Amino acid sequence: MADTSDTRTPAQIEADIKRRREVLAETLDEIGVRVHPQTIIGDAKAKAAAHLDHTVGRAYVQVNRVVSDVRAQFVDDEGAPRLERIVPVALFAVGVVGLFAVGRKRRKG
């Protein structure tokens, strides 16, 4: 048989019950806040924003790396422009723009 003797006084038992009720009430309040629709929506928004920030951060790093690689192609270690690479690219760009301009004039005319 189980020992059912309790050496606590009725006042101690009442105090224990009161403390336990307060702890349970606090726990129920926390649960209520966690399952509230606004809390769930806020958590979902925060998670989506964090994911977006992470994705944008990764994209920024990739773009920054590409820009640095392209810059390294056209600028030497001292920061001076590499004309042997810039001039051909500029001539090519002017040629492409010129072809588009001539093609437009033919369509209009």
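These legends accompany a set of close-up views of one predicted model.

**View 1. A small network of salt bridges links Arg 8, Asp 16 and Arg 19.**
Start with Asp 16, which takes part in both pairings shown here. Its side chain meets that of Arg 8 in a salt bridge, with N and O 2.3 Å apart. Asp 16 also forms a salt bridge with Arg 19, and here the closest N and O atoms are 2.2 Å apart. Side chains of opposite charge can pair when their charged atoms come close. Asp 16 and Arg 19 are 3 residues apart in helix α1, so about one helical turn separates them. The count for the model comes to 2 salt bridges. How exposed are the partners? Arg 8 counts as partly exposed because its relative accessibility is 35%, and Asp 16 is also partly exposed, with a relative accessible area of 25%.

**View 2. Ile 13 of helix α1 touches Asp 6 and Arg 8.**
Here we stay with Arg 8 but turn to a nonpolar neighbour. Ile 13 sits in helix α1. Leaving aside residues up to four places away in sequence, Ile 13 touches Asp 6 and Arg 8. Is Ile 13 buried, exposed or partly exposed? Its relative accessible area is 28%, and the partly exposed class runs from 20% to 50%, so Ile 13 is partly exposed.

**View 3. Helices α1 and α2 pack at an angle of about 55 degrees.**
Two packed helices are described by the angle between their axes and the distance between the axes. For α1 and helix α2, which covers residues 37-74, the axes are 5 Å apart. The angle of about 55 degrees makes α1 oblique to α2. Which residues make the contact? On the α1 side they are Val 33, Arg 34 and Val 35, and in α2 they meet Pro 37, Thr 39 and Ile 40.

**View 4. Leu 28, Ile 31, Val 35 and Ile 40 make a nonpolar surface patch.**
Two residues from the helix contact return in this view: Val 35 and Ile 40. Together with Leu 28 and Ile 31, they make a nonpolar patch of about 390 Å² on the surface. Which helix gives the most to the patch? That is helix α1, residues 10-35, with 3 residues. Leu 28 is one of the patch residues, and Leu 28 lies in helix α1. Leu 28 counts as exposed because its relative accessibility is 58%, and the cut-off for exposed is over 50%.

**View 5. Phe 100 and Arg 104 are two exposed residues of helix α3.**
The last view moves along the chain to helix α3, residues 83-108, where Phe 100 has its place. Phe 100 is exposed, with a relative accessible area of 61%. Arg 104 also lies in helix α3 and counts as exposed, at 60% relative accessibility. How far are these residues from others in the chain? The C-alpha atoms of Phe 100 and Ile 41 are separated by 51 Å, with their positions 59 residues apart along the chain. For Arg 104 and Ala 50, the C-alpha to C-alpha distance is 47 Å, and they are 54 residues apart in sequence.

Key: Residues are numbered from 1 along each chain as its sequence is written. This is a predicted model: local features need pLDDT of at least 70, side-chain atom pairs count only at pLDDT 80 or more; totals for chains, interfaces and linings use all residues. Side-chain values use heavy atoms; hydrogens and water are left out. Patches are made of residues with over 30% relative accessible area and no salt bridge: like charges are joined within 9 Å, nonpolar side chains (Val, Leu, Ile, Met, Phe, Trp, Tyr) within 5 Å. Accessible areas come from the Shrake-Rupley method with a 1.4 Å probe; for residues, only the protein chains shown count as cover. A salt bridge is a side-chain nitrogen of Lys or Arg within 4 Å of a carboxyl oxygen of Asp or Glu. Helices (H or I, at least four residues) and strands (E, at least two) are DSSP runs, numbered from the N terminus. Buried means under 20% relative accessible area, exposed over 50%, partly exposed in between (1.4 Å probe, protein chains only). Axes are lines fitted to C-alpha atoms, for helices over the stretch in contact, and angles run from 0 to 180 degrees between N-to-C directions. Angles under 35 degrees count as roughly parallel, over 145 as roughly antiparallel, 65 to 115 as roughly perpendicular and the rest as oblique. Contact means heavy atoms within 4.5 Å.
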